[in-house]
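Here is a set of exercises to work through with the model open beside you. Try each task before you read its solution.

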Amino acid sequence: MADAGRCREVAVLAREGASPEGERHGLWRLAVENPGWGKAVAGQFAMLRPVCFGRELTWARPLSLFGVTPTRVEFFVQVAGRGTAHLAAMNPGDRLVMWGPLGRGFAVEPDTPTLLLAGGVGLAPFAPYIAAHPRPENLRLIFGHRPPLAAYPFAEMAATIQAESFHEEKPGDLDRFTALLRERIAAHAGGLVLACGPRPFLSAVAGMGREAGARVQVSLENRMACGVGACLGCVEKDALGEPVQTCVRGPVFWASELEAFGGGLETSGSREGCTCGN
Amino acid sequence: MRELGVALAGLHLKNPVITASGTFGYGLEFSRYGELAALGGICVKGLSLKPRQGNPMPRVAETACGMLNAIGLQNCGVETFVRDKLPFLPWRDTAVIANLYACAAEEFAELAGVLAAEEGIAALEVNISCPNVRAGGILFGQDPAMAARVTEAVKKRAGTKPVMVKLSPNVTDIAAVARAVESAGADILSLVNTLSGMSVDVFSRRPRLANVIGGLSGPAIKPVALRCVWQVCRAVGIPVVGMGGIASAEDALEFILVGAHAVQVGTANFLRPDFAFHLVEELPPLLERLGVSSWEEFRGGLRVE
């Protein structure tokens, strides 16, 4: 088979909370066998379908890479529904079908001041990003969260770079978080801003980046069935209004590439190629 | 059983496994998960004369043992397919079947005309589960006379390409549509397309698809599909390609046992992208276990008292 390593049945190696707090809030670290992946880029993802889904749960679940070593592939999972509940309850030895690494990851520009903006479980892709970055002194992480900080692997990520967290507990907190983001993004005018989190958060960040003149990448988590560009369930519109699949053209996009994130507002010109996004 | 090959009218398949339209992209998306040339056939994503952007999001929803979709036939248009995709498919080894989508009989005919000239196309599959704009949006496939008119129009322009008509299960009498399409000159029938359905979210009080209704596919529909294939196989003399919820080699053989010549696999390609390749490999051992020596012996051999 051509490149059969791309889809394999693998075993779970470990499943644990980042802390008891994490477990209480449905946040888990899941490690599975590495089926022979070579290089993977932070921001890429994999499709995971536990064998226990049987025929009842149809789709695999897309999860961002949290760590890749020669023997393990790690994920940071938040229970959001039935599929992730199954994933978060898997035990060592349980089997799942996995394909990946998929999609395009975050840009790495070693010498550019780079601001990492994470919302909740959107923290996950920044762990491998920080680990692989050649000049971590150029990185700064801002992390907004609702469950307690101890539920996330924030401390280990903050050990090597400048990092600050913001706990959103009551309604007025969101405005203060937004003000903090605006201030930090303004300080990165001309720099690189990378964001992963809920869609309203990404929209706000893209807007602030545009105002500040910073280049912004956003990582999307659109609903998808296949992860390989076939189901057309995850499409976004590009800056020209043409559909593009998030799974193969993303999940990380430049905000300027997408209509929904202000793409096309300041750019013009044509794009060649097939309109179906392949 | 050594010979897995099967002939349907003028369509020759090295094995009876075809990937279903709309679930396998233009084929190339899956080339990293298996050898495309190992498949019996590839039905590509529905093609229209002009590119189409499809419906608003969200347009897929997971359901128990299946999924709903209302993609709205997003596709790159027939010209782009022929120029940028077809040359890269292994069409000498595997039958590439073009799935046609249009809103009027003349458009269907025009599409057939474009594709009839393409050496790499083995057959045309006509999607009649689409609205006839001139007839107020009623689906071609829900009216035997309209289904027959589309079939005739395509057949006239298809040259030597076998014409396969894909039937909708959303009808009162699928055998009546099948007979009408057969009389109009169809060479092959494929069935079933998706079942019309919907899904809603009580928390947001919204439908899970922006289009509100969509097509249900996956293992949930297999009993309905099997019944339709069985009824149609008894009603017509032309070969039938069965589909609807196939997720294992055993599922595939069920359709052949009720009379189908070949099968299409769809939603299972989403369960894992190498599904169709595994299915091709799993058929011979299962046939061996069942003591089947030829398709002719097994096909339509359902024991009904």
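The exercises below go from confidence to the interface, then to strands and helices.

**Exercise 1. Confidence**

Task: Find what the predictor says about its confidence in chain A, chain B and the complex.

Solution: Keep in mind that this is a predicted model. Start with chain B, where the mean pLDDT is 95 and 98% of the residues reach 70 or more. Chain A averages 91, with 93% of its residues scoring at least 70. Next, look for a weak stretch: residues 267–278 of chain A stay under 50 in pLDDT. For that stretch the model has 17 contacts beyond four places in sequence, so please read them with the low score in mind. Finally, for the complex, the predictor gives an ipTM of 0.94 and a pTM of 0.94.

**Exercise 2. The interface**

Task: Work out how many residues of chain A and chain B are in contact, and how the chain A side divides by class.

Solution: Count each side separately. Chain A contributes 27 residues, and these are in contact with 41 residues of chain B. Now sort the chain A side that touches chain B: 16 residues are nonpolar, five are polar and six are charged.

**Exercise 3. Strand partners of E1 in chain A**

Task: Describe how strand E1 of chain A pairs with E7(A) and with E2(A), and give a residue pair for each.

Solution: Take E7(A) to begin with. E1 covers residues 7–17 of chain A and E7 covers residues 95–102, and they pair in the antiparallel sense over five bridges. Within this pairing, A:Glu9 has A:Val97 in E7(A) as its bridge partner. Then turn to E2, residues 27–33 of chain A: five bridges join this strand to E1(A), and the two run antiparallel. Here A:Arg15 stands opposite A:Leu30 in E2(A).

**Exercise 4. The barrel of chain B**

Task: Trace the barrel in chain B and say whether the pairing is parallel or antiparallel.

Solution: Follow the strands in the order E3-E4-E7-E8-E9-E10-E15-E16; these eight strands of chain B close into a barrel, and the pairing is parallel. From one strand to the next, the twist averages 25°. As a check on one step of that order, take E4 (residues 41–43) and E7 (residues 95–100) of chain B, which pair in the parallel sense over three bridges. B:Gly41 has B:Ala95 in E7(B) as its bridge partner.

**Exercise 5. Two helix pairs**

Task: Classify the packing of H5(A) with H6(A) and of H4(B) with H5(B), and list the residues that meet.

Solution: Two packed helices are described by the angle between their axes and the distance between the axes.

1. In chain A, H5 (residues 173–186) and H6 (residues 199–212) pack at about 40°, with axes 9 Å apart. That angle makes H5(A) oblique to H6(A). The crossing is right-handed.
2. From H5(A), the residues A:Thr178, A:Leu181, A:Arg182, A:Ile185 and A:Ala186 meet A:Ala204, A:Val205, A:Met208, A:Gly209 and A:Ala212 of H6(A). By class, this contact has seven nonpolar, two polar and one charged.
3. In chain B, H4 (residues 174–183) and H5 (residues 222–235) pack at about 45°, with axes 9 Å apart. H4(B) is therefore oblique to H5(B). H4(B) passes H5(B) in a right-handed crossing.
4. On the H4(B) side, B:Ile174, B:Ala175, B:Ala178 and B:Arg179 meet B:Cys228, B:Gln231, B:Val232 and B:Ala235 in H5(B). This contact divides into six nonpolar, one polar and one charged.

Note on methods: Residues are numbered from 1 along each chain as its sequence is written. Chains are lettered from A and ligands numbered from 1 in the order in which they are written. This is a predicted model: local features need pLDDT of at least 70, side-chain atom pairs count only at pLDDT 80 or more; totals for chains, interfaces and linings use all residues. Axes are lines fitted to C-alpha atoms, for helices over the stretch in contact, and angles run from 0 to 180 degrees between N-to-C directions. Helices (H or I, at least four residues) and strands (E, at least two) are DSSP runs, numbered from the N terminus. Angles under 35 degrees count as roughly parallel, over 145 as roughly antiparallel, 65 to 115 as roughly perpendicular and the rest as oblique. A crossing is left-handed if the near helix is turned anticlockwise from the far one by less than a right angle, and right-handed if clockwise. Two residues are in contact if their C-beta atoms, placed from the backbone, lie within 7 Å. Ala, Val, Leu, Ile, Met, Phe, Trp, Tyr, Cys and Pro count as nonpolar, Asp, Glu, Lys and Arg as charged, and the others, Gly among them, as polar. pLDDT is the predictor's confidence in each residue, from 0 to 100. Two strands pair if DSSP finds at least two bridges between them.
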